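Q: Please take a close look at one part of the model shown here. I would like the overall context first, and then the detail around a single element.

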Amino acid sequence: MRPLKQLYLSAGLATFLLLGCTLGPDYQRPDLVLPDAWRMDYSSASELVNQKWWLKFNDPELNRLIDLALAENLDIKIAASRVEEYLGLLSTTRSQFFPEIGYNGGAERNRISKEAYGFIPGSDPYYSQYEAALGATWQLDLFGRVQRQNEAAIARVYETEQGRRGVIMSVITGVAASYINLRGLDRKLTIANETAESYKQSLDIFELRHKYGTVSMMEVAQIDSQYQQAIASIPQLEAQIAAQENLLAALIGKNPEGIVRGKELDEMQLPKVPSSLPSTLLTRRPDLMQAEQNLVAANAEVGVAETLYYPDISITGALGLASADLDDLLDGSAKTWNLGANITGPIFTFGRVEGQIQSAEARRNQAEASYRLAVINAFRDVNDALVSTSSNERTYEAQSKRTLALRLYAKYAAMRFESGVASYLDVLYANTELFDAELITVDAQVSHYTSLINIYKAMGGGWVDDAATATETVNVEEKMEQQPIL
């Protein structure tokens, strides 16, 4: 009995080792070269990145638009449904860890041929058959195929969740930037209307002066050209405003409609410029986390492909009843059962398995390269946003000072013309320069505000998670905990 006992122990140990065998490489984050600091030297203020920065603009209408977008934006709803889709796929994958239990039943009426071999002449060729049974099938995961599929499915869930966070981030920053741009267009339209009205008043005065012979027709034509220039800019600005309103309406899940305004650009408060260590970007930006989860899934799928070299073992069983008479179906003598095991495996595949492994490894390499590229692009985005904010701020300050200087220039040019010591050409030039400068100053102000928004978008942060709580979605962690797993 001793050798037989040793055989049992050896078989049990071998089975244990096989059950614990998982083929394929375990995931390790690639070594990344991270910069020590940003190109722009801002003080560390990572807590700013985790706040709802749009509240800092102190505009209730902007806050309302963002709340509407979080609740109604269709891109966010699509992204949330995609997470649900992959949670369903994860549940399907995890079901392979357990036996599949089912049932079947049937009733049939048959007639055998009287000419068939073995048929007894004079006997009834008709007979009935009734069956009812429970069955079970369980495919043993000896080489970790299902385990690797489960790893890949979990990674895909997290990948889609990060994709959802990325959509939320883009929607919020898109609403904020579009609203800022809309308020900038509103300001430019106001400037154009005020300028046109001022030119119209001057034109009326000059036409009276020409009537009484104090100014020439050339001077009337000059100021009329100024007036028409201002008038011509108004329809373009109105069209741009309508298009911007339609864009904002789409972002909040509405058909094209007007947008309620809040504060003027000059009345808004600006968020501070956030900064923190570059390495924290890896755990904040949704696109980087999404790219890494794609790499995790691709790495696990290499292991799934490698299991194709090894056999599949499944256990099947059934317990039921069968009888030719429905009244006898529940009798003890009608019991049936079967128990079996199947093993299938490859011998010659002529490159099929090798090709699948090669493809899986190539997809993993692509995913790793994509992850590295995403990291490089993320650092570039942040540095670009920081540099842009600094340069746009200086540009806005300089352009504002230029506009103030041109206002003085236009004022003194008009005084010199009224005093008769200068021609109207000086006034014409000064007013034209002032009108253009005022419009350019608004553009510089919008660019400065937008560059601040781009910093928060580029750096990601906890504000995305805070915003996500306002959307219709599922708790991924809670859903995954509810699913059974060995």
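What percentage of the 486 residues in the chain do buried residues make up? After that, please concentrate on helix H5 (residues 145–211). With which residue does Asp26 form a salt bridge, and with which residue does Arg183 meet in a salt bridge?

A: Buried residues make up 39% of the 486 residues in the chain. This is a predicted model, and the mean pLDDT of the chain is 84, with 88% of residues reaching 70 or more. The confidence is uneven: the lowest mean is 42, in H1, and the highest is 93, in helix H3 (residues 60–72). Over residues 1–19 the pLDDT stays under 50, and for this stretch the model has four contacts beyond four places in sequence.

For the chain as a whole, the secondary structure amounts to eleven helices and four strands. Of the contacts between residues at least 6 apart in sequence, 85% join residues at least 24 apart. The accessible surface is about 27100 Å², and carbon and sulfur atoms account for 55% of that surface. The structure contains 20 salt bridges.

Now to helix H5, starting with Arg148. Asp26 forms a salt bridge with Arg148, and the closest N and O atoms of the pair are 2.9 Å apart. Asp26 belongs to the loop between helix H1 (2–19) and helix H2 (46–49), while Arg148 belongs to helix H5, so this pair ties together parts that are 122 residues apart in sequence. The two partners differ in accessibility: Asp26 is exposed at 58% relative accessible area, whereas Arg148 is buried at 1%. Put as a step of reasoning, buried means under 20% and exposed means over 50%, so the 1% of Arg148 falls on the buried side and the 58% of Asp26 on the exposed side.

Arg148 has a second salt bridge, with the side chain of Glu151, again at 2.9 Å from N to O. Here both residues lie in helix H5, three residues apart, which is about one turn of the helix. Glu151 counts as partly exposed because its relative accessibility is 27%. Arg148 therefore has one partner in a loop and one within helix H5.

Further along helix H5 comes Arg183. Its side chain meets that of Glu264 in a salt bridge of 3.4 Å, N to O. Since Arg183 is in helix H5 and Glu264 in the loop between helix H6 (217–251) and helix H7 (286–306), the pair ties together parts that are 81 residues apart in sequence. Arg183 counts as buried, at 3% relative accessibility, and Glu264 as partly exposed, at 37%. The pair is part of something wider: salt bridges with shared partners join Arg183, Asp186, Glu245, Arg261 and Glu264 into one network.

Leu182 is also in helix H5. It counts as buried, with 0% relative accessibility. Setting aside neighbours within four places in sequence, Leu182 is in contact with Ile241, Gln244, Glu245, Leu248, Ile259 and Arg261. Two of these contacts, Glu245 and Arg261, are also members of the salt-bridge network just described. As for backbone separation, the C-alpha atoms of Leu182 and Ala243 are 9.4 Å apart, although the two residues are 61 apart along the chain.

A database record covers part of this region. An unreviewed UniProt entry lists residues 227–254 as "coiled-coil region". In the model that span is 89% helix and 0% strand, and its end C-alpha atoms lie 38 Å apart. Glu245, a member of the network, falls inside the listed residues 227–254.

For contrast, consider a part built on strands. Trp138, Ile315, Leu319, Trp337 and Leu339 make a nonpolar surface patch of about 590 Å². Strand S3 (312–323) and strand S4 (335–344) are the elements that give two or more residues to the patch. Trp138 lies in strand S2 (residues 126–140) and counts as partly exposed, at 34% relative accessibility. Ser314, found in strand S3, counts as buried at 17%. Leaving out neighbours within four places in sequence, its contacts are Trp138, Gln139, Gly340, Ala341 and Asn342. Trp138 is thus in contact with Ser314 as well as being part of the patch.

Terms used
Residues numbered from 1 in each chain as written. Predicted model: local features only at pLDDT ≥ 70, side-chain atom pairs only at ≥ 80, totals over all residues. Heavy atoms only, no water. Patch = residues over 30% accessible without salt bridge, like charges linked within 9 Å, V, L, I, M, F, W, Y side chains within 5 Å. Areas by Shrake-Rupley, 256 points an atom, 1.4 Å probe, with all protein chains shown as cover. Salt bridge = Lys/Arg side-chain N within 4 Å of Asp/Glu carboxyl O. Buried < 20%, exposed > 50% of the residue type's maximum accessible area, 1.4 Å probe, protein only. pLDDT = per-residue confidence, 0-100. Contact = heavy atoms within 4.5 Å. UniProt positions renumbered as here; feature names shortened; annotations may be inferred.
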